[in-house]
Amino acid sequence: DREEGLNRLKANIPRALTVLSQDQIERRIRSDPLGSGGWASFLFITYASLTLVIILAVTIHGYLQARQRRVENSVLKLWGLPPRHLLGLVLLENTIVLLASFGAGILLGSLTGLRVTTIFNFTERGFPIVPPLVLTINWQTLVLLFVGWLGLFLLSSMAQAASAFRASVAT
């Protein structure tokens, strides 16, 4: 009955989530206590904090970018640039920034991960750990993260374009 309930629960949740029974959790903790509890919690807190800081930075950057470009956008508006083209211009700039930052993040994260795993593959006395650490990338989470970033940048771009088009020549 317990296994049947667990299977029904697994069938009704998205693939990105993992459902474990109490026995599976206890086996994981016994086999690798640091990996099953400590590292996951540490990484979650780190990534959540970093995400909040990034959202704040993108919001502030978007606001400052819109204020800084008021005169430029007013001139473009005077020349008859339609709002659709202004939005396209802002989207193009932000897309370039998004792709460059995401690419740099993947590159630096991979290099850092490789470096850290080589350091942590040895005990404090220099003996190799068994089994060795292996760097893996969760592509499903990476795609989800990219979609979230894309949404954040789209919102920021639309807010910048709306602010730019509302700007008047007097400002």
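**A walk through an all-helix model**

Let's start at Val58, a residue of helix α3. Keep in mind that what you're looking at is a predicted model. Val58 has a relative accessibility of 12%, and since the cut-off for buried is under 20%, Val58 counts as buried. Now look across to Phe153: along the sequence it sits 95 residues from Val58, yet the two C-alpha atoms are just 8.0 Å apart in space.

Step back for a moment to take in the whole chain. The protein chain has 6 helices and 0 strands, so reading from the N terminus you get α-α-α-α-α-α. It runs to 171 residues, of which 16% count as buried. Val58 belongs to that buried share.

Stay with helix α3, because there's a pocket to visit. α3 covers residues 33-68, α6 covers 139-166, and each of these helices gives at least two residues to the lining of the second largest pocket. The volume of that pocket comes to about 190 Å³. Its lining is made up of 13 residues, and the ones closest to the pocket centre are Thr59, Gly62, Tyr63, Ala159 and Gln160. What about the chemistry of the walls? The lining splits into 6 nonpolar, 5 polar and 2 charged residues.

Next up is helix α5, which spans residues 83-120. Pro83 is part of this helix. With a relative accessibility of 44%, Pro83 is neither buried nor exposed but counts as partly exposed, as the in-between class runs from 20% to 50%. Pro83 also has a partner that is far off in sequence: Arg166 is 83 residues away along the chain, while the C-alpha atoms of the two are separated by 9.8 Å.

Further along α5 you come to Leu114. Its relative accessible area is 47%, so Leu114 is partly exposed as well. That matters for the surface, because a residue needs over 30% relative accessible area to be part of a patch. Leu114 is indeed in one: together with Leu107, Leu108, Leu111 and Leu135, it forms a nonpolar surface patch. Taken together, these five leucines have about 480 Å² of accessible area.

Key:
Residues numbered from 1 in each chain as written. Predicted model: local features only at pLDDT ≥ 70, side-chain atom pairs only at ≥ 80, totals over all residues. Heavy atoms only, no water. 1 Å grid on protein atoms, 1.4 Å probe; cavity = no way out; pocket = protein on both sides within 12 Å on 5 of 7 lines; lining within 4 Å. Points joined across faces, edges and corners; volume = space filled by probe spheres on them. Helix = DSSP H or I, 4+ residues; strand = E, 2+ residues; numbered from the N terminus. Nonpolar A, V, L, I, M, F, W, Y, C, P; charged D, E, K, R; others polar. Patch = residues over 30% accessible without salt bridge, like charges linked within 9 Å, V, L, I, M, F, W, Y side chains within 5 Å. Areas by Shrake-Rupley, 256 points an atom, 1.4 Å probe, with all protein chains shown as cover. Salt bridge = Lys/Arg side-chain N within 4 Å of Asp/Glu carboxyl O. Buried < 20%, exposed > 50% of the residue type's maximum accessible area, 1.4 Å probe, protein only.
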